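Welcome! Here is a short tour of a protein model, with stops at a pair of helices and at some aromatic rings. Take a look at it first.

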Amino acid sequence: MAELPLPRDDGDGELILGDLPTTVRDVLTTLTAAGHEVAVVGGALRERLRDGSVTAADWDVATSADPDAVAALFPAARWMNRFGTVTVPGDPLVEVTAFRTEGAYRDRRRPDEVRFGATLAEDLARRDFTINAMAWQPIDLDAGRGRLEDPFGGRADLAAGILRAVGDPRARFAEDALRIMRAVRFAAGLGLRIEPATAAALRDLAATVEGVSGERIREELLRMLNGPTPPSSALREMEQLGILRVILPEVAALRGIPQAKRIPGDAFDHTLRAVDAAPADPPLVRVAALLHDIGKATTLTGGHFLGHERVGADVAVRVLQRLRFPAAETAAVEHAVRHHMFAYEPGWTDAAVRRFLGRVGPERLDLLLALRRADNLASGVGDAGAVAERELVHRIRSVGAAHPAILAGHLAIDGHDLQAALGIGPSPAVGEILDALLERVLDDPALNERATLLALAASLAAQAGSPIE
């Protein structure tokens, strides 16, 4: 939806919200016609009130109708959770949730009980922050005219740039500790100052985030990293509030680790610069930038970080597994961290370029180059690094076009060929010989012929003392 004029008050306690997406209007109209109370809530409303724009991929509607009644009105809708949220497909999606109240949060994650049939005021009172506890109830949809329900002063807080918890902040965060991370995300993403009592509660309860599942922490972290503002603002806020040392102690440990860079700062400052310099695409590059130097916390010796990329790669795997990242994503980030210290020189031969590609793998090159670029920018060597990168990419394209099979690790023979020719069964020796042959071929692609490779294999096996028939 395009940017619109800011919503305006008409002087009679009503708010002109402006045009709504067709799917949203249809949902509101259908529910109202069926005799149910409705209201627009959530992020889309907050965006309209804040700056007149709407970038939300979905809209939230709250209603007095119970989930069964909502689902009956929209046959294509899906009701997939116990919180009464019915998703109505369209562009944008509309998520319709019944007014509800909630019981205690004994597991500090989900309410023990959800009760439908509440009033709108009761529904707003259970929400986390004042800026999320507002609702617009339509009076005349054609005119975009309605009434703003704002019992906790969310609109004034939004205008003043303040993030404030609804009611007692300690009670809000004790209900669900993930709200502690959400507070940081909203504050950083919307450029808000955290109100003092809310900030005090965040500091006091930061340790409770440890009880939140890895999956939920991962998703909140990814929202921070891929949000509309530089990720460093959220990461720095989490450090100051004591949250970072709970969810990412390996990153927090970089604070105070000295390093010699053209840009002043410690290893933590450098990491923040790298994350900000990293693009959102390719995926995971900001995750890799966040973790690329975590090995420095334990490898400083004589002014150097010996093998920090190898140590960091191993630590990164443990971090990502703790946060329940998928195995393929964990492997991709681990690979990027392990290899990010490569330094291309114009004197590299074609064989050196082939070896580099054989080592890092063509399929993971984009992520690795993006990480290296961000690291260079954060180190103050962006221009020189960019020139070297362009030359390396040019060399890779040239070498890759000439020998794509070799760079993919495809030899003219495989393990079965070796076993048959050498008269040996399956064993580690087969893999060792294939690796040795690949090294020879990377040096000289002309060797990648069946007869030549089998002759080389026989020679290697004889040197190793393997039985040959």
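Helices α21 and α22 are roughly perpendicular to each other, because their crossing angle falls in the range from 65 to 115 degrees. In this predicted model, the axes of α21 (residues 415–422) and α22 (residues 428–443) cross at roughly 110° and come within 10 Å. Which residues make the contact? On the α21 side they are Gly415, Leu418, Gln419 and Leu422, and α22 brings Val430, Ile433 and Leu434. Sorted by class, five residues in this contact are nonpolar and two are polar, with no charged ones.

Now for the rings. The structure has five aromatic pairs, and two of them are set out here.

| Pair | Distance between ring centres | Angle between planes | Kind of pair |
|---|---|---|---|
| Phe342 and Phe356 | 5.0 Å | 50° | tilted |
| Tyr344 and Trp348 | 5.0 Å | 75° | edge-to-face |

Phe342 and Phe356 link distant parts of the chain, 14 residues apart: Phe342 is in the loop between α16 (327–339) and α17 (350–360), while Phe356 belongs to helix α17. Are these two residues buried or exposed? Both Phe342 and Phe356 are buried, and Tyr344 and Trp348 are buried too. Ring pairs join Phe342, Tyr344, Trp348 and Phe356 into a cluster.

Two other rings have a charged partner. Arg185 lies over the face of Phe186, 5.0 Å from the ring centre. Lys296 has its charged end over the ring of Phe305, at 5.0 Å from the centre of that ring.

Note on methods. Residues are numbered from 1 along each chain as its sequence is written. This is a predicted model: local features need pLDDT of at least 70, side-chain atom pairs count only at pLDDT 80 or more; totals for chains, interfaces and linings use all residues. Side-chain values use heavy atoms; hydrogens and water are left out. Axes are lines fitted to C-alpha atoms, for helices over the stretch in contact, and angles run from 0 to 180 degrees between N-to-C directions. Helices (H or I, at least four residues) and strands (E, at least two) are DSSP runs, numbered from the N terminus. Angles under 35 degrees count as roughly parallel, over 145 as roughly antiparallel, 65 to 115 as roughly perpendicular and the rest as oblique. Contact means heavy atoms within 4.5 Å. Ala, Val, Leu, Ile, Met, Phe, Trp, Tyr, Cys and Pro count as nonpolar, Asp, Glu, Lys and Arg as charged, and the others, Gly among them, as polar. Rings of Phe, Tyr and Trp (its six-membered ring) pair if their centres lie within 6.5 Å; planes under 30 degrees apart count as stacked, over 60 as edge-to-face and the rest as tilted. Buried means under 20% relative accessible area, exposed over 50%, partly exposed in between (1.4 Å probe, protein chains only). A charge sits over a ring if NZ of Lys or CZ of Arg is within 6 Å of the ring centre and within 35 degrees of the ring normal.
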